[in-house]
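Welcome! Please take a moment to look over the model shown here, and then we can walk through it together.

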Amino acid sequence: MVGSGETGFIECGADVPICISALHPLTPSSLLAKGGGGIAASEYARHRPSTGVSDTAWAKLTAMAQFEISTDYLKQVLEDLINTPSPTGDTDWAVRFVQNELETMEVKSHQTVKGALVAHFDGLKDSTPRALTAHVDTLGAVVSEIKANGRLKLSALNGVCWPTVESEGVTIRTQSERQVRGSVVLTNGAVHVNKEAGTTARNADTLEVRIDEETSSSEETRLLGIEVGDYVYFDPRFESHNSGYIRSRFLDDKACVACVLAAFKALHETGITPVQRTDVLFSVHEEVGHGGNDGLPTDISELVVLDMAVIGEGRAGSEQRCSICIKDSSGPYSRALTDRLRSLASTAGIDLKPDVYPYYGSDGSAYWRQGGQAQVALIGPGVDTSHGYERTHIDALVDTAALIAEYLVSD
Ligand SMILES: [Zn+2]
């Protein structure tokens, strides 16, 4: 976990309190690397006091001195991103949002032909180029039919869990850029009329969108500008609490996108640049299984996938922790890269949870299936009731962001 130097002294396990401000001379422009505008983690090692600091204490201290993950920024960028709709297939608003954030940190990026965003760092070295990926596309639906009564039948774009969207507010985006409000309800859903209302299975055939406008026929609905194929956004209902819990739809995977941005911000503000040439793919087709290799260089040696960690019976992860996936439905991730991330976490004092995900695939799996040849590992914050009304905790997000930053500056 990262800490702040503002408190002046910290206990670091070396039996003597060390003034963190002693490290400040390491951060200014005197250590700027040529061309890169930053310093590598290895530079810090040269400034270690000769006595009184154990290896572990020094490692923790340098980690803490290098990065301060801003929880305020992390939460705000997450909320803003989550309130920017981006179901698979309709992700341009969210891509522009991320691109704008990157620009504020002077990070170069470009949009791929397929619609994803790729950010680029030159790095201090080019010997083993790296990549990260997190996805901005979320669950969502399109109008599949305008019913005779004016209501809408939906078709899921991806892995929508239908019972979890009943009673949810929605916005229908029309071709003429109108946004029409409505909600997802059970067909013939009044319990005073339909004895089966409580027991009927909830799916695309039994749920429909009730539009909050005057319409009782397909013609009237079409006069509102609504047509088959229009995208339908489920309300995310984002809430952040003083307890640290964050409850919202689409934490998968916008929580990880926010962690990546928070890690970049921490590096940017400290003037540290990634060690290796690094590309970062904000993919837009993860939820349909083919986002992983969009626009990444062919010569990368490592790909670290950032995606939500599962929580549930028998799983090791939690909402308060970052997990690392040893294997999922697509098979094992790369042993060497996984072990290195576990070691980095251990050194930085991050309680990273190794886990196995029973029903899961990632953009890492997609990357390999599309011919990618780099080592791949998968980390992410624990997200409860995934693909439903999800919840995580700020501690898991900060740990994830800190581990991303540690990885970027590690040799
Ligand atoms: Zn995901």
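## Before we start

Helices and strands here are runs assigned by DSSP, at least four residues long for a helix and at least two for a strand, and they are numbered from the N terminus. With that in hand, a first place to find is Thr385, which lies in the loop between β19 (375-381) and β20 (390-393). Please keep in mind that this is a predicted model.

## The overall picture

How many helices and strands does the protein have? Its secondary structure comes to nine helices and 20 strands. Of the 411 residues in the protein, 47% are buried.

The chain also brings together parts that are far apart in sequence. Among contacts with a separation of 6 or more, 76% are between residues 24 or more positions apart.

## Helix α3 and its buried side

Helix α3 covers residues 71-82, which is 12 residues. From its first C-alpha to its last it reaches 16 Å, close to the 16 Å expected at 1.5 Å a residue.

Which residues of α3 are buried? They are Leu74, Val77, Leu78, Leu81 and Ile82. These residues cover an arc of only 125° around the axis, which puts them on the same side of α3. A general rule helps here: an α-helix has 3.6 residues a turn, so residues three or four places apart point the same way. The cover over the buried residues of α3 includes α4 (92-104), β13 (245-248), α6 (251-270) and α9 (394-409).

## Helix α9 and how it meets α3

Let us turn to one of those covering elements. The 16 residues of α9 should span 22 Å at 1.5 Å a residue, and its end C-alpha atoms are 23 Å apart, which agrees. Is α9 enclosed or open? In α9, 16 of the 16 residues are buried, so this helix is largely enclosed by the rest of the structure.

The axes of α3 and α9 come within 11 Å and cross at roughly 105°. The two helices α3 and α9 are therefore roughly perpendicular to each other. Where they meet, Thr71, Leu74 and Lys75 are on the α3 side, while Ile394, Leu397, Val398 and Ala401 are on the α9 side.

## The nonpolar cores

The largest nonpolar core has 83 residues. The members that touch the most others are Ala258, Cys259, Val260, Ala263, Ala401 and Ile404. Helix α6 gives the most to this core, with 13 residues. Apart from this core lies another one, of 20 residues, among them Ala141, Val143, Ile146 and Leu152.

Val260 is a good residue to click on in the largest core. Leaving aside neighbours within four places in sequence, Val260 is in contact with Leu132, Ala134, Val280, Leu306 and Ile404.

## Backbone details to look for

A cis peptide bond joins Asp252 and Asp253, with omega at about 10°. Asp253 is found in helix α6.

Two residues that are not glycine have a positive phi. For Glu177, phi is near 65°, and this residue sits in the loop between β8 (169-173) and β9 (179-186). Glu177 has 7 C-beta neighbours inside 10 Å, so it counts as exposed. Thr385, which we located at the start, has a positive phi of about 45°. With 14 C-beta neighbours inside 10 Å, Thr385 counts as partly exposed.

## Loops that reach across the sequence

Thr164 is found in the loop between β7 (152-156) and β8. With 18 other C-beta atoms within 10 Å, Thr164 is partly exposed. How far apart are Thr164 and Gly388 in sequence and in space? They are 224 residues apart in sequence, but 5.4 Å apart in space, C-alpha to C-alpha. Not counting neighbours within four places in sequence, Thr164 is in contact with Gly388 and Tyr389.

Gly229 offers another example, in the loop between α5 (218-223) and β11 (231-234). Gly229 counts as exposed, with 10 C-beta neighbours inside 10 Å. Gly229 and Ser155 are 74 residues apart along the chain, and their C-alpha atoms are separated by 9.0 Å. Beyond residues up to four places away in sequence, Gly229 touches Val142 and Val143. Val143 is also one of the residues in the core of 20 residues.

Notes: Residues are numbered from 1 along each chain as its sequence is written. This is a predicted model: local features need pLDDT of at least 70, side-chain atom pairs count only at pLDDT 80 or more; totals for chains, interfaces and linings use all residues. A residue is buried if 20 or more other C-beta atoms lie within 10 Å of its own, exposed if 12 or fewer, and partly exposed in between; C-beta atoms are placed from the backbone. Two residues are in contact if their C-beta atoms, placed from the backbone, lie within 7 Å. The expected span of a helix is 1.5 Å times one less than its number of residues. The arc is that of the directions from the helix axis to the C-beta atoms. A nonpolar core is a set of buried Ala, Val, Leu, Ile, Met, Phe, Trp, Tyr and Cys residues joined through C-beta atoms within 7 Å. Axes are lines fitted to C-alpha atoms, for helices over the stretch in contact, and angles run from 0 to 180 degrees between N-to-C directions. Angles under 35 degrees count as roughly parallel, over 145 as roughly antiparallel, 65 to 115 as roughly perpendicular and the rest as oblique.
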